[in-house]
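Visitor: Please take one part of this molecule and go through it slowly. I would like to see how its pieces follow one another.

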Amino acid sequence: MASMAIQVCFLLLFAFFFSAESKYIAYNTSPRIVPGKLNVHLVPHTHDDVGWLKTIDQYYVGSNNFDQGACVQDILDSVVSALLADKNRKFIYVEQARMFLSFIYFGDTQLGVISSVLELGIDDRWSCLIHTGVFPALVGRSERGSQEYSQAASQLGSTRAHLSVNYLFSVTMRNLDFSCLPVLIVRNGGMCMHDEATAHYIDMIDQTTLGHQFLKQEFNITPRIGWQIDPFGHSAVQAYLLGAEVGFDSLFFGRIDYQDRDKRKNEKSLEVVWRGSKTLGSSAQIFTGVFPESYSPPSNFSFEINDDSPIVQDNINLFDYNVQERVNDFVAAALSQANMTRTNHIMWTMGMDFKYQYANSWFRQMDKLIHYVNKDGRVNALYSTPSLYTDAKYATNESWPVKIDDFFPYADDVNAYWTGYFTSRPAFKRYVRMMSGYYLAARQLEFFKHKSNAGPSTGTLADALAIAQHHDAISGTERQHVADDYAKRLSMGYVEAEESVASSLACLAESTSNTGCGNPVTRFQQAKYDCPLLNISYCPPSEVDLSNGKNLVVVVYNSLGWKREDVIRIPVINEDVTIRDSSGKEIESQLLPLVNASVGMRNYHVKAYLGKSPNDTPKYWLAFSASAPPLGFSTYIVSSAKRAGVNSTRSTVYTSQRKENGTVEVGQGNLKLIYSEDEGKLTYYINSRSLVKAFVEQSYIFYSGNDGFEDNKASGAYVFRPNSTFPIKSEGQVPLTVLRGPVLDEVHQWVNPWIYQITRVYKGKEHAEVEFTVGPIPVDDEVGKEIVTQITTTMKTNKTFYTDSNGRDFIKRIRDNRTDWDLQVNQPVAGNYYPINLGIYMEDSRTELSVLVDRSVGGSSIADGQIELMLHRRLLYDDSKGLIEALNEKVCVLDECTGITIQGKFYLRIDPPGEGAKWRRSVGQEIYSPFLLAFAEQDGDNWTSSHVPTFSGMDPSYSLPDNVAMITLQEIEDGKVLLRLAHLYEAGEDKDLSVMASVELKKLFPGKKVEAMGAYMTINKVTEMSLSANQLREEMEKKRLVWRVEVSPEEEPKVVKGGPVDSAKLVVELGPMEIRTFIINLDTYSSK
């Protein structure tokens, strides 16, 4: 009877509900801006890191969910389906590496209708898709307006049937006609959302160009909005170069210092006009918006599955009906944000990391909110995009505050300064920088030989370098297995690029006639590939036994635009060798003994990284001075010395005697370094040419990392939070060892058992090179350590020093000070650290001290007259910023692991005031673009008769001006070359070189440039492009929005820029800090 009663009750309820009038709620989401009301722009988005807790591939396919439950394929699939259900919906996507993966997984001819919905925010979607024939199975050959057409449109538009990305990708993208799509919005458009602290500006340009070219070629899309929502601080270079100079109208991000954010909220200055370059001023300004909190939605408006935000329950037949309550919440949150913002437009970022795995859970709620909020009428809500928001802001004709310099350092709490990542994973940072310089040279050689579509190329390396710039890659804030994945991709990219480079060099070297190189037989082995551990004296190609009559051929390629001379060091076995240059002349060289410290490091790390022990151990480093023409190579022959002549000189070895008040002098040219013999320390820097004599001392300290036990704010991969400072003193009073010779002097120092240092002074150079080896950092005491070198002088610097912005501009820093607010100092060390990619310098009325680096590091001037650089970090606790892993890198041999050892270099010079810029800029270029070395063996002495001993890709009488660098020379397709020229100096930086420069393209591309390939090339057409080469420069300038500003904080500089390129003269002018990008069309014809 009870069962019967239940059934009757259920039937009565069922009959009640279905006898009632059934109503379908059609949500009105039509986008419109309402004058006089507060307009809330809802911007749906997801932020999908290209590696962090999982690798890029694991994120894409959704594997390894133990580390993080995230699947980008599911996001794409779900979002496309949701967008197809309502033409008013929008969605924003950023990382173009995901689109590359789509090509990999689905084929490069199958990226179809996704382009019309994903990341674009497109109106009139259905009519466009059907008009373009995207769904031929449904529409067939139907004409617009026919019954079949209407039925197909109805079937697509009125249902929410799931349309998978796999199916959508099956449509051939190249058959789409995008002309009918009224709105095409893409944010950023780079391969990744690059880091802004630790990435070099050339890498930032390259990865952005790669993404922009992909979008242009495959979708005909030109992004106009910068979207750097997650990087941990923001650089001046990002604003003016990777913002304004790529054609962006605005830039948005989420992370600035918590003190700065609070002040800007109160002053309604979260949105500003940012002038990142003091040289280019308003000519390269960009409208910039900082989100009030982060890049997530306001509290209680996040709608991912299992999020705890209340949904809009609008079915009156169900419990918990809450429409008015949710509308009130929406209006309250909107008005609260409006109080921090100028004009009647605000943006809500509706998304977060890896959200929209079930997109309907978001769009269903946003549909309801837009519908009911607009019916309420107090504010206006609409689906929007950053482009629409920017245009709405611009239309108000508001005047905006001006922002200068940058947004570093970044802290999100009192004891949480994100300045540790400036140094985190220093080995990976160096690897990226090495590959970046190599990629620049490889593209040049690829062009000289003529790029082949069939053979090996630089493309794989380009892709790997692009994702390595991600803000959780080069930053060092990824998990260890993810860092390994990035390094593996770089290695694979290098292997392929090395084949292309070796082929190009062989082709150029073997081309002694106009018949072209054909199939070169020379097999070059390159320093970075065949000598992967050259920095620790392991280089099998140079360790050949020359006593049996063989010769070692060393080809030295110079990727810079001017002739260059530098010292090369390679390990050799033989003791008696001689070196001949490209003309056959014997040149001076020097043998330096391989010290025990180097031998031990070599043997251990060869086993660790290559899985084998080296067969032999070379006895010496062979050092000689090499020169190479611009964009060209020279050849050097190393052979056994069998007769009297200019043989290599063995270094003399001096070991200090620890004499009280005794000194040791090193250096044979203008520069002399004076060491205290009893203390074993550098004491004086003397330059006889510039008459500089300065006290200088170099030492090491370590900061003990805070464990975070009290407040969960440890020193970790992101955060630098030192507890105490400890000087590192020499243990056992190990004496100095000094090696002297005709090429260079070296000072060897054991600072302690895990820090070894070599200081070099080269003949003819006026700077010191310091090579440090740090590690394994001991942590047996359970204390994490951050290793710092300090350079101390008596200079009176008044808290002031200068650091570079991504290797480009230098920015003035004042200790314990911020330009935009009164700093509350709570971390006097970490809060004064800044990212350094090129260098750091300080000055007073008498001298100027500059230090250049070989990778990204953190640095500062914590005391007047002193500079410090953080070289290495090993920490034992996670800093609670999401990584959930301590920064404790290790290297393993078999099953035994130790902390990783870092080897690197920094460079030191002291000049009279105002004279250091030329050295910083010129040597900075040489550090970024070192000589590319290639080796070959040869029997006999006939190399010069069968090979070209020297080559230059430019007119032999020409070189680039001293203030101009060629940062890109790349064949993009047959007969078309991408060329970028960069002025290296800021306005007023150098009295001679901060001036207009001119480059003669006819001499840069002479008629016989590719004579080695049996062909001539001459310039047919020169077209100036935007920085990322995706639009004409002239068109970009015409479209640029000119924003009104409040009173500028300082007088606007006079901007000097080059004019249009005359088609007859073909001369490019560049003003200070200007970078100009061109597509060069070349006519090729046979040399016959």
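Guide: What follows starts with the whole chain, stays mainly with one sheet and the helix before it, and ends at a cavity and a second sheet.

The model is predicted, so local features are given only at pLDDT of at least 70 and side-chain atom pairs only at 80 or more, while totals for chains, interfaces and linings use all residues. Residues are numbered from 1 along each chain as its sequence is written, and side-chain values use heavy atoms, without hydrogens or water.

The chain contains 23 helices and 50 strands (DSSP runs numbered from the N terminus: helices are H or I with at least four residues, strands are E with at least two). Of its 1088 residues, 62% are buried (under 20% relative accessible area; exposed is over 50%, partly exposed in between, with a 1.4 Å probe and protein chains only). Among contacts (heavy atoms within 4.5 Å) between residues at least 6 apart in sequence, 76% join residues at least 24 apart.

Begin with helix H10, residues 201–219. From its first C-alpha to its last, H10 reaches 26 Å, close to the 27 Å expected for its 19 residues at 1.5 Å a residue (the expected span is 1.5 Å times one less than the number of residues). In H10, 16 of the 19 residues are buried, so the helix is mostly covered.

Just after H10 comes Asn220, in the loop between H10 and strand E2. Its phi is near 55°, a positive value in a residue other than glycine. Most residues other than glycine have a negative phi, and most peptide bonds are trans. Asn220 counts as exposed because its relative accessibility is 52%.

Past that loop lies E2, residues 225–227. E2 belongs to an open sheet of 5 strands with mixed pairing, in the order E2-E3-E5-E4-E9 (two strands pair if DSSP finds at least two bridges between them). The edge strands, which pair on one side only, are E2 and strand E9 (402–404). From one strand to the next the twist averages 30° (axes are lines fitted to C-alpha atoms, for helices over the stretch in contact, and angles run from 0 to 180 degrees between N-to-C directions).

E2 and E3 run parallel and are joined by 3 bridges; Trp227 stands opposite Phe252 in E3. In a regular strand the side chains alternate between the two faces of the sheet. In E3 (residues 250–253), Ser250 and Phe252 are on one side, Leu251 and Phe253 are on the other, and all four are buried, so both faces are covered. E3 also pairs in the parallel sense with strand E5 (residues 286–290), over 4 bridges, and Leu251 stands opposite Thr288 in E5.

Two loops leave this sheet with a feature to note. Asn300, in the loop between E5 and helix H13 (323–338), has a positive phi near 75°. Asn300 counts as partly exposed, because its relative accessibility is 39%. Pro409 is in the loop between E9 and strand E10 (411–413), and a cis peptide bond with omega about -10° joins Phe408 to Pro409.

Now to the cavities. There are 11 of 30 Å³ or more (a cavity is a set of points on a 1 Å grid over the protein atoms alone where a 1.4 Å probe fits but cannot get out; lining residues have an atom within 4 Å of a point). The largest has a volume of about 160 Å³ (the space filled by probe spheres set on the points, which are joined across faces, edges and corners). It is lined by 16 residues, of which His200, Gly807, Leu838, Gly924 and Gln925 are the closest to its centre. Helix H20 gives the most to this lining, with 6 residues.

H20 (residues 917–928) packs on a second sheet, touching E33, strand E35 (839–843), E36 and E41, and its direction makes about 10° with that of E36. That sheet is open, with 10 antiparallel-paired strands in the order E21-E27-E28-E29-E30-E41-E36-E35-E32-E33. Strands E36 (residues 848–853) and E41 (residues 902–911) are joined by 6 bridges, and the bridge partner of Val851 is Leu908 in E41.

Note on methods. On a 1 Å grid over the protein atoms alone, a cavity is a set of points where a 1.4 Å probe fits but cannot get out, and a pocket is an open set with protein on both sides within 12 Å along at least five of seven lines; lining residues have an atom within 4 Å of a point.
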